[in-house]
Amino acid sequence: MYYPREEQRDFLFTLSSLSIWMIPAFAFIAFLAQSGATIAIIKVWPATIEGVVTSVQAVPSNDSVELYEYSFNTPDGQQFIGAAEQYRTPASAQYSVGQNIEIKHFALLPSFHLPREIYEGSRMNFLVFTSCVAAIMLLLTVSIYALVRQCSHARDDIHY
């Protein structure tokens, strides 16, 4: 015979187990959201600064992609160097060495930086990353709740 308390305990165990097993899946999806974490950090306290393109390299096998490096100096004298890819159509402008570009960075820690075009074009990566982090927190909360309820069931079973 299957008692209601056993059913509740089984449900809580299943809920806790599924919650714990889903966390790596959401962590993997968050990892795949390119630059999602960087954008999330920059969005906390964004700052803008001018940078200079220091090198531009075309990808030999793909004419629509160019790799460029840029550098910028913060007001306190620190210099940062970054690299990015530009996906372009033949009609879009190419970067050239010495060209000024706008850089978005985290005001307290400028090592988190991206060119403005990438920052503005990566909204979906930011949304995927933050949604996955929120889902992980929710799953942890559900798992802890289920485990606490399982422990209270175990304590109450002494009386039955």
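**Exercise 1. Describe the hairpin of S2 and S3, starting from its loop.**

Step 1. In this predicted model, Gly-77 takes a positive phi near 100 degrees in the hairpin of S2 and S3. Five residues lie between the two strands.

Step 2. Now take the strands themselves. S2 and S3 run antiparallel and are joined by nine bridges.

Step 3. Pick out a facing pair. Phe-72 stands opposite Phe-80 in S3.

**Exercise 2. Work out how S1 is paired with S2 and with S4.**

Step 1. Begin with S2. Seven bridges pair S1 with S2, in the antiparallel sense.

Step 2. Find the connection. A hairpin of two residues links S1 to S2.

Step 3. Match residues across this pairing. Val-56 has Tyr-68 as its bridge partner in S2. Gln-57 stands opposite Leu-67 in S2.

Step 4. Turn to S4. Strand S1 (residues 46–59) and strand S4 (residues 100–106) run antiparallel, joined by seven bridges. Here Val-52 stands opposite Asn-100 in S4.

**Exercise 3. Classify the packing of H2 against H4 as parallel, antiparallel, perpendicular or oblique, and describe the contact.**

Step 1. Choose the quantities. Two packed helices are described by the angle between their axes and the distance between the axes.

Step 2. Read them off. Helix H2 (residues 36–44) and helix H4 (residues 123–156) pack at about 90 degrees, and their axes are 8 Å apart.

Step 3. Apply the cut-off. Angles of 65 to 115 degrees count as roughly perpendicular. H2 and H4 are therefore roughly perpendicular to each other.

Step 4. List the contact residues. H2 contributes Gly-36, Ala-37, Ile-39, Ala-40 and Lys-43. H4 contributes Asn-125, Phe-126, Phe-129 and Thr-130.

Step 5. Sort them by character. Five are nonpolar, three polar and one charged.

**Exercise 4. Characterise the largest pocket: its volume, its lining and the elements behind that lining.**

Step 1. Start with the volume. The largest pocket has about 390 Å³.

Step 2. Count the lining. There are 18 lining residues. Ala-84, Glu-85, Tyr-87, Ile-118 and Ser-122 lie nearest the centre of the pocket.

Step 3. Assign the lining to elements. Those giving two or more residues are strand S2 (62–73), strand S3 (79–87), strand S5 (113–115) and helix H3 (116–121).

Step 4. Which element gives the largest share of the lining? S3 does, with six residues.

Step 5. Sort the lining by character. Eight residues are nonpolar, eight polar and two charged.

Note on methods: Residues numbered from 1 in each chain as written. Predicted model: local features only at pLDDT ≥ 70, side-chain atom pairs only at ≥ 80, totals over all residues. Heavy atoms only, no water. Axes fitted to C-alpha atoms, helices over the stretch in contact; angles between N-to-C directions. Helix = DSSP H or I, 4+ residues; strand = E, 2+ residues; numbered from the N terminus. Parallel < 35°, antiparallel > 145°, perpendicular 65-115°, else oblique. Contact = heavy atoms within 4.5 Å. Nonpolar A, V, L, I, M, F, W, Y, C, P; charged D, E, K, R; others polar. 1 Å grid on protein atoms, 1.4 Å probe; cavity = no way out; pocket = protein on both sides within 12 Å on 5 of 7 lines; lining within 4 Å. Points joined across faces, edges and corners; volume = space filled by probe spheres on them. Pairing = 2+ DSSP bridges.
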